[in-house]
Each structure stands twice: as C-alpha cells, then as structure tokens.
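Hi,

Here is the structure I promised to pass on. Have a look at it first, and then read my notes below.

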Amino acid sequence: MRAVAARPERVAVVSGVGQGLALLLQVLAAEGRRKLAVEDPGSPGTLELLRAHGVRPVGVPVDQEGLVVRKLAASGAQAVLVTPAHQYPTGVVLSARRRTELAAWARAGGLVVEDDYDAEFRYDREPLGAVQGLAPERTVYLGSLSKTLAPGLRLGWAVLPGELVEPFAHAKRYADLGTGAIDQLAFAALLESGGYDRHLRAVRPRYRARRDALVAALREHLPEAELRGVAAGLHLYADLPDGVDEQAVAEAALRRGVRVATVAPGRLSPGRAAIALGYAGVAEQRLREAAALLGEAVREVR
Ligand SMILES: Cc1ncc(COP(=O)(O)O)c(C=O)c1O
C-alpha cells in the first residue's frame, strides 16, 4: 500500500515509531552521529525524545511543498527525520519534486528517517507512496498502528537499509527481548482477514466528515484564522491572526473546555503564532461547539 521496498529480513517489529526512533538514535550515537536535521516546525514530542537521547536537532524550514531540501543540503546534517506523507504540524505533503530532491540527497550520502505519520488518512485523493521506495538503502522507514488503531497498542515497524539491520536488531534485542507476540499475532489475523482494511475504509469517511465540519465551523466562528494543509490526517493547522499569542489562546480555550495544541514547542526558530486541532476523536456537533468556543477564546485575548 505504501510502495515500501520491504523484504522480510529488513523489517523489525517495534513498540511504535517512538521506540523505532529511540533505537535508531542509539545506533547512530554509537557511530558518533548525534546531530539530526528535523522539520521546523515539527512535533514537540519528537523533539523531546531526541533531546532525551542526547541528540541535537537542527531545524530545516517547511514550506507549502514540505521540507526545503535545498536548506537541508546547506545545513551540513548527515541524517534527517521527516514526515513526508502529512507533515506534523503544518499538514503539508512533501511534493513530488522535493521527494526527488530528498532521494538524491540521500543517495549522495545522507540518511532519511521517514516517519510515515498518518499516511493512511487521505480524504480527497490517493496518498503518494513512501520516500523509502525511492532510496531504500538510504532510508529508515517507520510506521505504527498508533493512528489507525490505538496508540495504547504500542505496535509498529521499522524497515531498514541493509547496513543498519544488524546493529538495529542488536539494539532491539537488548532493549526488551522483543515486542509482544500475542499482539503481533492478533494484528496479523486482523490483516489477513481483511478486517484492518475494512476498518480503514470505515473510519476514513467518518474522519473526513469531522474535518469538513470543523473547517466549516472555523470559517464561521474564526474567519481570521488561515487553515493550512491538505485534506488528510487527524488534525488541522490554523495560523492565528497577527498579534494573537498562541499560548494565551490555548489557555483561554482550555478555560472553556477546549484543548488545542500550540505550535511553538515544536519550533526551533521563531514563526507565526499557530495552533493544531485534533478532530478525529470528536463528534461533529461537539466540533462545531468547540469552534465557537475557540472563536470566543481568540476574541478574549486579542
Ligand atoms: C509526528 C509523530 N509521529 C509518530 C507518532 C506516533 O508514535 P508511536 O508510533 O510511538 O505511537 C506521533 C505520536 O503522536 C507523532 O506525533
């Protein structure tokens, strides 16, 4: 489905993208590689994870086509962590042109760490295939069930370039002696029965309707906010009107019972105030109410 070049001996089962990344950082650090380029803005949780492992994140800007590969090349970093399918938080998709550039950068000696974040949810067209398929010997591909089934499952996978298979397997083995077999067997049965595909087909229209409802309600209650990103995933990205403080908006919204994610904790350089809004787990009527309350919150802090 994701056009990943994945022979079985290249696949490691891990307990989520988080563990896949942690083990990879351990392997790279053992080779003295402690600098990793990341998308700016990116995921605050991922930045925390990198720092907890003693890795120094180097920010590379993201524009309407995704990661600016030209700036990655100029940064001097040897490895980069990207979310090409649907960038967190901006919601852009890495364009075909940038994918080609990124694969060329990788083939010239770079290492791409591809977090195939929420790629299963694309509402208006077929998703692009993974970058890994363009440069399998220079890409570590990471995916999990956290967005499609439940993050509490802690089940994911890594597809590795040949030279990283042994060191990664070693790190995994001595981290936890392996991911729980019962959950793996249950997921394998779900896949083989077609149940997983049926689940994805059933939730896509539900999430899309929620996204559409939230977009329409935000246009009504918060027309000054600029919504960005493609019709995909589980969250929306909204640029706030000039002069509005995102932290103050988040606090004013929370006082009204609405939790939004601020973008600043995922930034490595200053940028426009913005918030990310997760909608997938909230019914449409509640999303409309939330948008109205968010509009009130922005007017309160302006
Ligand atoms: C950017 C990004 N990638 C991946 C994940 C999923 O991580 P895991 O598979 O460890 O649950 C998250 C979690 O929210 C995330 O924000």
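The domain assignment splits the protein chain into domain 1 (8–192) and domain 2 (197–301); such bounds come from an automatic or database domain assignment. Their C-alpha centres are 25 Å apart. Domain 1 puts 29 residues into the contact and domain 2 puts in 25 residues, with contact meaning heavy atoms within 4.5 Å.

Before you go further: this is a predicted model, where local features need pLDDT of at least 70, side-chain atom pairs count only at pLDDT 80 or more, and totals for chains, interfaces and linings use all residues. Residues are numbered from 1 along each chain as its sequence is written, and side-chain values use heavy atoms, with hydrogens and water left out.

Now the ligand. Around it sit Gly16, Val17, Gly18, Ser43, Asp115, Tyr117, Ser144, Ser146, Lys147 and Arg154, each with a heavy atom within 4 Å of it. By class that shell is two nonpolar, five polar and three charged residues (Ala, Val, Leu, Ile, Met, Phe, Trp, Tyr, Cys and Pro are nonpolar; Asp, Glu, Lys and Arg charged; the others, Gly among them, polar).

Which distances did I note? Ligand oxygen atoms lie 2.6 Å from a side-chain N or O atom of Ser146, 2.7 Å from a polar side-chain atom of Ser144 and 2.8 Å from a polar backbone atom of Val17. On its own the ligand has 400 Å² of accessible area, and the protein covers 78% of that (Shrake-Rupley method, 1.4 Å probe).

Last, the cavities. On a 1 Å grid over the protein atoms alone, a cavity is a set of points where a 1.4 Å probe fits but cannot get out, and lining residues have an atom within 4 Å of a point. Volume is the space filled by probe spheres set on the points, which are joined across faces, edges and corners. The whole structure has three cavities of 30 Å³ or more, and the largest holds about 70 Å³. The lining of that largest cavity includes His86, Arg99, Asp118 and Arg122, and its residues divide into seven nonpolar, one polar and three charged.

Cheers

How values were computed: On a 1 Å grid over the protein atoms alone, a cavity is a set of points where a 1.4 Å probe fits but cannot get out, and a pocket is an open set with protein on both sides within 12 Å along at least five of seven lines; lining residues have an atom within 4 Å of a point. A polar contact is a pair of N or O atoms within 3.5 Å; within protein, one must be able to donate a hydrogen and the other to accept it, and residues adjacent in sequence count only if both atoms are side-chain atoms.
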